[in-house]
Amino acid sequence: MRNQFICVALLLCALNSACGLYFHISETERKCFIEEVPDETTVIVNYKVELYDPRSNGFMPSSPGIGMHVEVRDSDDKVILSRVYSSQGRISFTSHTPGEHVICMYSNSTAWFSGAQLRVHLDIQVGEHAIDYANVAQKEKLTELQLRIRQLLDQVDQITKEQNYQRYREERFRHTSESTNSRVLWWSLAQTVVLVCMGFWQMRHLKSFFEAKKLV
Amino acid sequence: MLSNCHRTTMNAATSRQNSTKLWMLTLVAGIAALMQMQCVSGVEFTFDLADNAEDCFYEEIKRNTSAYFEFQVSAGGQLDVDVTLKDPQGKIIYEQKRSTFDSYQFVAETSGVYTACFGNQFSAFSHKIVYVDFQVGEEPALPGVDEHATVLTQMETSSQAIHKSLNDILDAQTHHRLREAQGRKRADELNHRVMIWSTLETASMVLIGVALIIILRNFFTDRKPSQVHYGRL
């Protein structure tokens with residue numbers, strides 16, 4: 001009975017997780033996704049890999065032996081997560097610096113050539129979407145209304161973080177523009193100086209040259 | 001979706017001590033819950049589209065489900081990309097050639113796998129950074145909220161309204177963030193180019209100045225016999 005239930009549950013889970021976005025990659029290919037997130041934001045990635053089965057011309061629902069190497073880099077190109085997961089996995093990380101986080105996935109296959117096709121189901125949830133409210137309601141014993149308010153609070157929180165990040169990015173943008181501005185200014189000054197120096201040197205040099213050659 | 005699965009197995013683990021009767025109940029309830037649950041998914045991500053490449057994403061959509069599709073190119077080349085959206089029969093339901101930003105809302109006419117393809121075949125050098133937002137179905141309700149179909153109190157309706165507006169704010173923020181990214185990347189590029197060009201220009205100015213003198217000197221020194229000729233000029 002228990003086993004039966006677990007079987008049914010697993011089957012339903014398999015069916016359940018089969019929906020959502022998916023794409024195809026070859027076994028040796030590397031696929032990267034970029035998530036631009038503010039700091040202290042949780043990102044949850046769910047994925048499931050299916051191997052192409054040439055016999056049935058379809059994809060095997062479960063493919064043991066296929067592992068996925070997942071690598072997460074933050075905006076400073078620092079690795080914050082690099083691990084090999086099985087064919088199905090759930091990765092969650094929290095950003096500590098704001099910016100573009102790159103999530104790269106590639107299979108651990110040892111095929112030399114392109115190998116077989118893989119189908120990857122992917123689901124990425126960021127920020128307040130990543131919160132599991134059923135869990136929250138159960139743990140904190142919230143009523144329906146409290147849960148709604150809780151969700152609103154989380155959203156406002158996310159918006160505040162995003163705005164802080166926006167301020168940070170604006171600062172960076174302004175910095176770049178100011179740098180361009182000062183470079184253009186200094187360069188134009190330097191160019192004038194170089195031009196005057198060059199002209200002066202040319203005149204002097206030619207004059208002394210002509211005098212030496214007794215041309216003038 | 002996986003979290004739901006996790007919970008179900010957790011349920012299975014905790015109620016192991018309980019009687020078989022409870023088991024049956026959980027089983028029936030679990031199946032009912034899963035049956036009721038529609039394939040709701042929303043995913044937004046940004047990916048790197050290589051030059052000369054075409055990347056496709058697939059999404060299974062049930063009949064009569066509304067879906068929202070949005071894309072925005074935030075960096076690379078002229079910020080353009082080819083986009084096609086195909087229904088399960090392979091018929092093109094939406095197409096854009098070399099566009100930067102657009103959104104499209106549709107209701108699935110048939111159940112099946114819908115394909116969204118991004119093409120960059122026209123550009124041989126520049127790769128593109130593309131943001132995609134693909135929402136299928138309505139947003140899943142909070143657990144325990146829609147179980148009883150009673151009239152909503154004013155508190156509930158206003159909280160729902162606030163929730164909707166906050167969602168709109170978040171979408172607007174995302175849009176502006178991407179627009180800002182476009183501008184910032186342009187500015188970075190400009191800064192870099194100004195730097196390189198100014199260095200090159202200074203170097204070439206000095207080189208040309210020196211070269212001019214050398215060439216001029218050569219006019220007067222190379223032809224020794226004609227020095228008298230020049231002297232008369």
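**Figure 1. The bridge partner of B:A67 in strand β6 of chain B is B:F106.** The pair belongs to the antiparallel ladder in which strand β3 (residues 66–75) of chain B is joined to β6(B) by seven bridges; two strands are said to pair if DSSP finds at least two bridges between them. Helices (H or I, at least four residues) and strands (E, at least two) are DSSP runs, numbered from the N terminus. The model is a predicted one, in which local features need pLDDT of at least 70 and side-chain atom pairs count only at pLDDT 80 or more, while totals for chains, interfaces and linings use all residues. Residues are numbered from 1 along each chain as its sequence is written, and chains are lettered from A and ligands numbered from 1 in the order in which they are written.

**Figure 2. An open sheet of eight strands is built from chains A and B.** The strands follow one another in the order β6(A)-β5(A)-β8(A)-β2(A)-β1(B)-β8(B)-β3(B)-β6(B), with antiparallel pairing. The edges are β6 of chain A and β6 (101–107) of chain B, each of which has a single partner strand, so one side of each lacks a neighbour in the sheet. From one strand to the next the twist averages 20 degrees, where angles run from 0 to 180 degrees between N-to-C directions and axes are lines fitted to C-alpha atoms, for helices over the stretch in contact. Helix α3(B) packs on this sheet, where it touches β2 (30–37) of chain A as well as β3 and β8 of chain B, and its direction makes about 20 degrees with that of β3(B); residues are in contact if their C-beta atoms, placed from the backbone, lie within 7 Å.

**Figure 3. Strand β5 of chain A pairs with β6(A) and with β8(A).** Six bridges join β5(A) (residues 68–73) to β6(A) (residues 79–85) in the antiparallel sense, and in this ladder A:M68 stands opposite A:Y85. The two strands form a hairpin with five residues between them, and in its turn A:D77 has a positive phi of about 65 degrees. Another six bridges, also antiparallel, connect β5(A) to β8(A) (residues 99–107), where A:V102 faces A:R73 and A:M105 is the bridge partner of A:V70. Strand β8(A) also pairs with β2(A), antiparallel over eight bridges, and here A:Y106 is the bridge partner of A:R30.

**Figure 4. The largest nonpolar core includes residues of both chains.** Such a core is a set of buried Ala, Val, Leu, Ile, Met, Phe, Trp, Tyr and Cys residues joined through C-beta atoms within 7 Å. Among its 39 residues, A:I124, B:V130 and B:F134 touch the most other members, and strand β8 (residues 128–136) of chain B supplies the largest share, six residues. Leaving aside residues up to four places away in sequence, B:F134 touches A:L21, B:V43, B:E59, B:F69 and B:A116.

**Figure 5. Helix α3(A) runs alongside α3(B) in a roughly parallel arrangement.** The axes of α3(A) (residues 144–213) and α3(B) (residues 154–221) come within 9 Å and cross at roughly 10 degrees, which makes the two helices roughly parallel, a term for angles under 35 degrees (over 145 is roughly antiparallel, 65 to 115 roughly perpendicular and the rest oblique). Their contact has 29 nonpolar, 19 polar and twelve charged residues, where Ala, Val, Leu, Ile, Met, Phe, Trp, Tyr, Cys and Pro count as nonpolar, Asp, Glu, Lys and Arg as charged, and the others, Gly among them, as polar. A:V196 lies in helix α3 of chain A and is exposed, with 10 other C-beta atoms within 10 Å; a residue is exposed if 12 or fewer other C-beta atoms, placed from the backbone, lie within 10 Å of its own, buried if 20 or more do, and partly exposed in between. The C-alpha atoms of A:V196 and A:V70 are separated by 58 Å, and the two residues are 126 residues apart along the chain.

**Figure 6. B:N52 and B:R98 have positive phi values.** Most residues other than glycine have a negative phi. B:N52, in the loop between β1 (41–49) and β2 (54–61) of chain B, has a phi near 60 degrees and counts as partly exposed because 13 C-beta neighbours lie inside 10 Å. B:R98, in strand β5 (residues 92–99) of chain B, has a phi near 45 degrees and, with 15 such neighbours inside 10 Å, is likewise partly exposed.

How values were computed: Contact = placed C-beta atoms within 7 Å.
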